[in-house]
Amino acid sequence: MVDRVIATEAALQLIEKLKERHGPVMFHQSGGCCDGSSPMCYPDGDLIVGNQDILLGHIGGSPFYMHKNQYDYWKHTQIIIDVVDGRGGMFSLEGVEGKRFLSRSRAFTKEELDELQI
């Protein structure tokens, strides 16, 4: 089965580093307010997930959520979480590491969409 969200090796390494420092973590794809549309990393449970948030999958063993309104725009793509140099979102755990998580994407193939039943 195709995954809706995956992570690069660099992102997985940073997730492991953050988990060593902070314990279990979770992700939420921001909807574009203060921190733009970035993947935000929080200590697991620090962000209250609402009934409009969709669990897209797990990266590095950590849950990755997105609000339904945002998902409606991204549902035809696989989200690829990567890491780049620079300051992350002010509330995201990686901000002090001099790195930030970044969402990339690719369109699902017709076969993948059929499998996902979009």
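Among contacts in the protein chain between residues at least 6 apart in sequence, what percentage join residues at least 24 apart? The share is 58%. Keep that value in mind while we walk through this structure, which is a predicted model.

## The chain as a whole

Let's start with the fold outline. The protein chain contains seven strands together with three helices, and from start to end the order of elements reads β-α-β-β-β-β-α-β-β-α.

Next come the overall dimensions. For 118 residues, a compact globule would be expected to have a radius of gyration near 13 Å, and the protein chain agrees with this, at 14 Å. Along the principal axes, the C-alpha atoms occupy a box of roughly 40 × 30 × 25 Å.

What about surface and charge? The protein chain has an accessible surface of about 6,500 Å², and carbon and sulfur atoms account for 51% of that area. Of the 118 residues, 43% are buried. The chain carries 12 positive and 17 negative charges, and the mean positions of these two sets lie 4 Å apart.

## An aromatic cluster around F27

A pair of aromatic rings is described by the distance of the centres and the angle of the planes. How many aromatic pairs does the count give here? There are two aromatic pairs. In one of them, the ring centres of F27 and F64 are 6.0 Å apart and the planes meet at 20 degrees; the pair counts as stacked because planes under 30 degrees apart fall in that class. F27 belongs to strand β2 (residues 25-29) and F64 to strand β5 (residues 62-67), so this pair ties together parts of the chain that are 37 residues apart in sequence. Both partners are out of reach of the probe: F27 is buried at 0% relative accessibility, and F64 is buried with a relative accessible area of 0%.

F27 also pairs with F101, and this contact is edge-to-face, with 5.1 Å from centre to centre and 80 degrees between the planes. Since F27 lies in strand β2 and F101 in strand β7 (residues 99-107), the pair ties together parts that are 74 residues apart in sequence. Taken together, the ring pairs link F27, F64 and F101 into a cluster.

F101 itself is buried, with a relative accessible area of 1%. Leaving aside residues up to four places away in sequence, its contacts include A11, L14, I15 and L18, along with F27, P39, C41, I81, D82, V83 and E94.

## Along strand β5 and into helix α2

Strand β5, home of F64, offers several other residues to look at. S62 lies in this strand and is buried, with a relative accessible area of 1%. Beyond residues up to four places away in sequence, S62 touches I15, K19, V25, F27 and G57.

M66 is found in strand β5 too, and at 0% relative accessibility M66 counts as buried. Its contacts, again not counting residues up to four places away in sequence, are H28, Q29, Q52, D53, I54, L56, Y71, W74 and I79.

Is H67, which lies in strand β5, buried or partly exposed? H67 is partly exposed, because its relative accessible area of 27% falls between the 20% and 50% cut-offs. H67 touches H28, Q52 and D53, with residues up to four places away in sequence left out.

Q70 sits in helix α2 (residues 68-74) and counts as buried, at 12% relative accessibility.

Here are some C-alpha to C-alpha separations for residues discussed above.

| Residue pair | Apart in sequence | C-alpha to C-alpha distance |
|---|---|---|
| H67 and H28 | 39 residues | 8.1 Å |
| M66 and L55 | 11 residues | 6.7 Å |
| F101 and Y65 | 36 residues | 14 Å |
| Q70 and L18 | 52 residues | 25 Å |

## Back to the opening question

The ring pairs give concrete cases of links across the sequence: F27 and F64 connect parts 37 residues apart, while F27 and F101 connect parts 74 residues apart. For the protein chain, 58% of contacts between residues at least 6 apart in sequence join residues at least 24 apart.

Methods
Residues numbered from 1 in each chain as written. Predicted model: local features only at pLDDT ≥ 70, side-chain atom pairs only at ≥ 80, totals over all residues. Heavy atoms only, no water. Helix = DSSP H or I, 4+ residues; strand = E, 2+ residues; numbered from the N terminus. Rg over C-alpha atoms; globule rule 2.2 N^0.38 Å. Buried < 20%, exposed > 50% of the residue type's maximum accessible area, 1.4 Å probe, protein only. Contact = heavy atoms within 4.5 Å. Areas by Shrake-Rupley, 256 points an atom, 1.4 Å probe, with all protein chains shown as cover. Lys, Arg positive; Asp, Glu negative; His and termini not counted. Charge placed at Lys NZ, Arg CZ, Asp CG, Glu CD. Phe/Tyr/Trp six-rings, centres within 6.5 Å; stacked < 30°, edge-to-face > 60°.
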